[in-house]
Amino acid sequence: MGIGELARQSGMRASALRYYESLGLLPAARREGGRRVWPAATLRRIALIRMSQRAGFTLAEIRRLLDSDTSQGATSQWRALAERKLPELDRVVQQTQQLREAVAACLACGCMNFTDCELLASAPATDT
């Protein structure tokens, strides 16, 4: 599969695919007539990369997760990384739920007057 087709089917830009390849997230493409060509299975790897990004993993973490080394040490490393990531993901879920509740409360208030809104006046200040 050429880079254009891979980009189209994955919904990603060709430049992003080349960047992922340079980071080792995608296997090195073989060359046919000077063009990069990947096997169709690369789409599945891209889907895993994107899902991992949505879950909050950095590209460096994803690279470690995708490491093709399946030895006991690599499996242990993956488990340790995943176990460290879970509390971070729990915090993101909790913050998102709090944000959702705040938006719902503002909608329920109905005042739409940001200057005099009681909910906004009682909201704690945040750094974000």
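Angles between helix axes under 35 degrees count as roughly parallel, those over 145 as roughly antiparallel, those of 65 to 115 as roughly perpendicular, and the rest as oblique. The axes themselves are lines fitted to C-alpha atoms, for helices over the stretch in contact, and angles run from 0 to 180 degrees between N-to-C directions.

The model on display is predicted: local features need pLDDT of at least 70, side-chain atom pairs count only at pLDDT 80 or more, and totals for chains, interfaces and linings use all residues. Residues are numbered from 1 along each chain as its sequence is written, and side-chain values use heavy atoms, with hydrogens and water left out.

**The whole chain**

Begin with the protein chain in a cartoon representation, where six helices and two strands appear. Helices (H or I, at least four residues) and strands (E, at least two) are DSSP runs, numbered from the N terminus. Followed from the N terminus, the order of elements is α-α-β-β-α-α-α-α. Colouring by accessibility shows that 22% of the 128 residues are buried; the term means under 20% relative accessible area, with exposed over 50% and partly exposed in between (1.4 Å probe, protein chains only). Of the contacts between residues at least 6 apart in sequence, 43% join residues at least 24 apart, a contact being heavy atoms within 4.5 Å.

**Helices H1 and H2**

Select residues 3–10 for H1 and residues 14–23 for H2. How are these two helices oriented? Their packing angle is about 105°, and their axes are 9 Å apart; H1 and H2 are therefore roughly perpendicular to each other. Display side chains at the junction: Ile3, Leu6, Ala7 and Ser10 of H1 meet Ala14, Leu17 and Arg18 of H2. This contact consists of five nonpolar residues, one polar and one charged. In this scheme Ala, Val, Leu, Ile, Met, Phe, Trp, Tyr, Cys and Pro are nonpolar, Asp, Glu, Lys and Arg are charged, and the others, Gly among them, are polar.

**Leu6 and Leu43**

Centre next on Leu6 in H1. Is Leu6 buried or exposed? Its relative accessibility is 0%, so Leu6 counts as buried. Not counting residues up to four places away in sequence, Leu6 touches Met1, Leu17, Trp38, Thr42, Leu43 and Ile46. A C-alpha distance drawn from Leu6 to Ile46 gives 9.5 Å, across 40 residues of sequence.

From Leu6, move to its contact Leu43, which lies in helix H3 (residues 42–54). Leu43 is partly exposed, at a relative accessible area of 22%. Beyond four places in sequence, Leu43 touches Met1, Leu6, Gln9 and Ser10. The C-alpha atoms of Leu43 and Gln9 are separated by 7.6 Å, although these residues are 34 apart along the chain.

**Glu21**

Return to helix H2 and select Glu21. With a relative accessible area of 15%, Glu21 is buried. Which residues does Glu21 touch, leaving out those up to four places away in sequence? They are Leu26, Pro27, Ala28, Ala29, Arg36 and Trp38.

**Leu66**

Proceed to helix H4 (residues 59–66) and pick Leu66. This residue is buried, with a relative accessible area of 11%. Outside its neighbours within four places in sequence, Leu66 is in contact with Leu25, Arg45, Leu48 and Ile49. Leu66 and Gly24 are 42 residues apart in sequence, with 9.1 Å between their C-alpha atoms.

**Phe57 and Lys85**

Finally, select Phe57 together with Lys85, which lies over the ring face at 5.1 Å from the ring centre. A charge sits over a ring if NZ of Lys or CZ of Arg is within 6 Å of the ring centre and within 35 degrees of the ring normal.
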